[in-house]
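This report covers selected side-chain pairs and one loop residue. Please look over the sequence and structure first.

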Amino acid sequence: MASDEVEGLRFHLSWEPAKGALGVNVSSGIMPDDILHIDADNLDFESILLRVIETHAHSVLEIFQHQLQNGQTRAVFSPPGIVTLTKNEGAQALRVHLCADEVVIMTIDSRTGRLNLRDTGDLAAAGRGPRFTALSEQLNENPILLNEALRHLRLMTITDLAEQKANYLGLQSFRRRNFKQEELVKLGPSTCGTLYIQLSNFPNHYLVLVITDERFRYALITTRIMTESMYAEMIMEDIAWLDFDRIHGEEIVITAHTGLSDVRIGKRKRGSDASLLNDVGAGSVDSGFNLETPVLRELYSYCCARVAYMNVERQFKLRGIPFTHVNPTSGAPVTLELAHIQSSLARSVPALCVQSDDILSGAPAAEAAMPNIRVIPLNWWSEKNAQVVTSVKLKYVQQPMGKTAGTSAVIRPSKRIIYDTTQAVVSFLSENVNTCVDEFLEEWARVSKMVVIAREVAQMAKESSWDDVRLLSFDLQTVEFAYAQDYTVSISCEDQLSPMGGNFDLRFSRCKRPYAGQKQDNHEFFNPHDDAEPFLRHILRHGHGRLAPSLHRLVNLLRDTLPVVKVLEEIRQKGEQDGRSVDTFAKAAGWHRLLETDHSHGIDFRSMTEQRVAILDASFSLFDPAGSKGAVEAGARELLGLKPIPQFKEIVTDAVQDMISLGKLQPGKIAVIDVGVICDTGTVGELGKTIHSKVVASYT
């Protein structure tokens with residue numbers, strides 16, 4: 001039987017969160033009563049369930065936010081705007097800003113209650129989906145790892161972005177190098193990760209991006225491989241911290257007409273041999289990880305410049321040469337053309353200045369250089385090998401001349417030398433930064449000697465009585481001049497830093513010019529001094545440190561022996577025409593021999609002081625004690641291989657008397673001795689031919 005009474009029924013909704021779900025404990029009091037209230041007129045259980053789930057998810061994410069901002073990772077995630085609660089596609093989400101434009105979105109699936117992580121940003125489509133899937137699975141299995149997992153994800157993202165920019169610039173980068181743990185400690189306790197960018201021109205040096213919780217730190221390290229270790233481990237020999245703000249903190253203004261380059265870079269600490277730069281804390285820049293590609297390029301270029309300078313400075317230190325830093329281009333405008341061919345830092349990196357008295361101490365012709373010598377590494381901003389240019393201003397302005405000098409104000413006599421003729425500045429280019437000082441000293445020794453020789457020859461032509469001495473060609477590498485009439489010598493040098501004083505190369509020729517239509521005769525252009533070149537070069541070589549007096553001695557000797565070599569060449573050519581075997585050669589710088597090989601007879605022409613020449617029987621030895629009394633004994637003659645010329649004294653006497661009678665000799669200016677005759681250089685030609693002809697006539 002139906003009851004007439006209406007029984008009051010109502011739904012009662014209760015919510016009890018599971019303990020430790022998703023690694024957090026949510027209080028049951030967080031759920032508002034109005035959410036749990038059921039309207040009898042609107043039994044929409046689905047909407048109630050959705051509101052409860054949304055509130056629960058919000059509470060869980062709120063706890064996650066609190067843990068990130070106040071737990072062990074608070075240094076990373078506590079700044080405002082890094083971790084925020086938001087709605088993503090209508091669902092509650094925790095938005096975590098990792099770096100730059102990289103953001104990770106954390107949501108809770110309303111159906112399964114599982115955590116889901118996905119990323120946004122430039123690298124979202126770069127194949128990183130599996131990484132987030134694995135990370136989500138890991139967190140759902142053990143949600144307590146959330147703080148450390150997000151910190152690790154942030155580190156990997158920062159490293160990926162930096163590596164991507166390095167690859168874009170074509171730089172070789174490594175996430176790890178074979179360092180021991182005690183070596184990595186040198187980078188500081190705040191180091192979370194690293195990216196090593198190897199300098200292409202200096203493979204033992206790296207630009208290191210040190211990742212900390214707050215920002216990048218930048219270091220330039222010098223490494224060495226321990227070859228004696230089993231695993232070829234590396235050590236950090238030197239660490240130089242770079243000041244980010246000083247390198248990138250100010251813009252570089254480049255205009256077509258005016259403008260200044262005002263980039264400041266870290267300066268080296270004075271009084272320290274550690275090659276460290278000032279480690280000044282840089283201000284935060286957009287969370288410290290917005291590394292732009294141009295900035296990375298400038299950091300890399302600066303490291304290349306710093307290493308190039310360190311290598312040059314190390315060479316100065318090893319030699320005890322003091323140096324200073326100068327900026328020759330400070331305040332000069334940066335043109336558009338210049339901006340395209342060099343780094344913007346090139347005008348801010350200072351040059352090195354050394355004193356000529358220091359670097360050229362003991363070097364030949366050091367007095368030819370002005371006091372200040374500038375040393376500037378080049379090409380450290382490009383992919384080419386770094387170079388070093390050393391500029392020296394000369395005291396003696398000797399203009400290049402001749403066919404090799406050219407007509408331009410700036411000449412390049414060799415690949416390694418550039419000469420500004422208007423400013424008298426010589427620039428020496430070294431292709432190897434590590435040996436630039438040695439290369440400069442070697443090139444300076446060569447160039448300075450050529451400058452001294454050219455200057456002395458020019459003074460000879462003006463100040464001495466040698467009217468036919470004249471400078472023909474000069475290009476810093478070679479000096480060519482006429483020392484008498486049309487007889488010329490070309491001088492160059494090499495190996496000037498050797499303990500023996502280096503070598504000089506002498507090339508003898510004549511500067512005759514054939515008439516139009518006339519064929520060039522090699523005999524007419526042959527300089528007989530060429531046979532004595534191995535001996536003549538030693539006059540300059542042994543004058544190491546006293547080049548000017550040695551050059552005067554060489555020119556004196558060339559002029560004094562020219563009549564001798566000319567007459568010997570005439571006799572040799574006539575012997576060839578007559579079918580006789582005649583040989584002429586040099587025994588020393590001032591000693592020439594005429595040899596009648598068919599008869600084992602010889603005549604020596606020996607230069608003496610005061611423009612005198614001794615014409616002697618070649619079988620006579622000046623070094624034999626018995627030589628003052630006559631010819632050498634038979635045993636010595638066999639050793640020499642020459643026979644005394646029969647009746648040589650009578651032949652000489654007859655030749656002298658004949659020339660006196662012809663008026664070609666003046667009595668009192670000639671002296672007949674037991675084994676020959678002494679005459680002056682003006683008469684040696686005629687007298688030598690006369691004596692030789694009488695010796696040849698004695699054979700018939």
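The sections below treat salt bridges and then the surroundings of one glutamine, Q477, in a predicted model.

## Salt bridges between separate parts of the chain

The whole structure holds 31 salt bridges. In one of them, the side chains of E137 and R114 meet with an N to O distance of 3.1 Å. E137 belongs to helix 4 (residues 129-141), while R114 sits in the loop between strand 3 (102-108) and strand 4 (115-120), so this pair ties together parts 23 residues apart in sequence. E137 is partly exposed at 40% relative accessibility, and R114 is partly exposed at 34%.

D486 and R510 also form a salt bridge through their side chains, at 3.2 Å from N to O. This pair links distant parts of the chain, 24 residues apart: D486 is in the loop between strand 18 and strand 19 (487-494), and R510 is in strand 20 (residues 503-510). Both D486 and R510 are buried.

## A pair within helix 13, and a network

K574 and D578 form a salt bridge whose closest N and O atoms are 3.0 Å apart. The two residues are four apart in helix 13 (residues 547-578), so about one helical turn separates them. D578 is partly exposed, with 43% relative accessibility.

Elsewhere, R416, E439, E442, E443 and R446 are joined into one network by salt bridges that share partners.

## The surroundings of Q477

Q477 lies in the loop between strand 17 (470-474) and strand 18 (479-484). Its relative accessibility is 17%; because buried means under 20%, Q477 counts as buried.

Leaving aside residues up to four places away in sequence, Q477 touches P413, S414, I417, E443, R446, V447, M450, I491 and S492. Among these contacts, E443 and R446 also belong to the salt-bridge network.

Methods
Residues numbered from 1 in each chain as written. Predicted model: local features only at pLDDT ≥ 70, side-chain atom pairs only at ≥ 80, totals over all residues. Heavy atoms only, no water. Buried < 20%, exposed > 50% of the residue type's maximum accessible area, 1.4 Å probe, protein only. Contact = heavy atoms within 4.5 Å. Salt bridge = Lys/Arg side-chain N within 4 Å of Asp/Glu carboxyl O.
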